[in-house]
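Biologist: Please take a close look at the empty spaces in this model. Then go on to the strands.

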Amino acid sequence: MLKVYFGEDRLGVEAAVKEELGEDYEVFDGEDLEVADLPSIFQGTSLFGGDDRRILLKNLGENLAVWEKVADYAETEHRVIVWEGKIDKRLAGYKRLKSSGVELKEFTETKAPDMKVVFGVFDVALRNGAEAVKMLEQIEDNQDPYMFFGLMVTQALKKFEYSRGGAREKRILKELAKVDMLMKSSSIEPWNLVKGVLLRLGEL
């Protein structure tokens, strides 16, 4: 297994590496490697014993000779993650990895949601859930789903207070409370939960 993680969200990459490789794994710095080192990394046995090698390679893009050869080991039996800060997608190394079917995952830095944007999506959902989902899909890649949902709840509470306990506003708050519990306990992707409730709001 060979995967490449890259992007500005270091915390996101660190969490993904930990989830994939666990706590104990070998680390190699790309700047210190030579092409001749790659067979022992991708095909050799573990220094710690056992056949299940877990390996993190960092900053290979700084070493173009090595970077261009990594795709040769796309079928490695070890669990290997390459971590790059930035990737030049024009270089041969990237193109070879992509054509080899290696998973290339970018971690973009999430931004705090714009309240006006969130409230706009929420208000549209009260009339047309499908349209609200389309609006969300245009911005979700750079948003944090939990913060986004939290602002939706804030807006729902304001509407409840303004309506002085209106029946519809109460139903909406109950539905959001259910989703809040799911976001904290379910394995369902959080954005899917947010989109699901947007689709339902107009019917409440």
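Modeller: A cavity is a set of points, on a 1 Å grid over the protein atoms alone, where a 1.4 Å probe fits but cannot get out; a pocket is an open set with protein on both sides within 12 Å along at least five of seven lines, and lining residues have an atom within 4 Å of a point. The model is predicted, so local features need pLDDT of at least 70, side-chain atom pairs need pLDDT 80 or more, and totals for chains, interfaces and linings use all residues. Numbering starts from 1 along each chain as its sequence is written, and side-chain values use heavy atoms, without hydrogens or water.

How many cavities of 30 Å³ or more does the structure hold? There is 1. The largest cavity has a volume (the space filled by probe spheres set on the points, joined across faces, edges and corners) of about 40 Å³. Its lining consists of Phe122, Leu126, Ala156, Lys159, Glu169 and Ile172. Helix H7 (145-162) and helix H8 (167-185) each give at least two of these residues; helices are DSSP runs of H or I of at least four residues, strands runs of E of at least two, numbered from the N terminus. By class, 4 lining residues are nonpolar, none is polar and 2 are charged. Here Asp, Glu, Lys and Arg count as charged, Ala, Val, Leu, Ile, Met, Phe, Trp, Tyr, Cys and Pro as nonpolar, and the others, Gly among them, as polar.

Now turn to an open space. The second largest pocket has a volume of about 200 Å³. Of its 14 lining residues, Asn59, Glu62, Glu84, Gly85 and Lys86 are the closest to its centre. Helix H3 (64-67) and strand S4 (79-84) are the elements that give two or more residues to this lining. The lining holds 5 nonpolar, 3 polar and 6 charged residues.

Strand S4 leads on to the sheet. This open sheet has 5 strands, in the order S2-S3-S4-S1-S5, with parallel pairing. Two strands pair if DSSP finds at least two bridges between them. S2 and strand S5 (103-106) are the edge strands, each pairing on one side only.

Start at S2. Strand S2 (residues 26-29) pairs with strand S3 (residues 54-58) over 4 bridges, in the parallel sense. Val27 stands opposite Leu56 of S3. S3 then joins S4 through 5 bridges, and these two run parallel. Leu57 has Val82 in S4 as its bridge partner.

Finish with S5. Strand S1 (residues 2-6) pairs with S5 over 4 bridges, again parallel. Tyr5 stands opposite Lys105 in S5.
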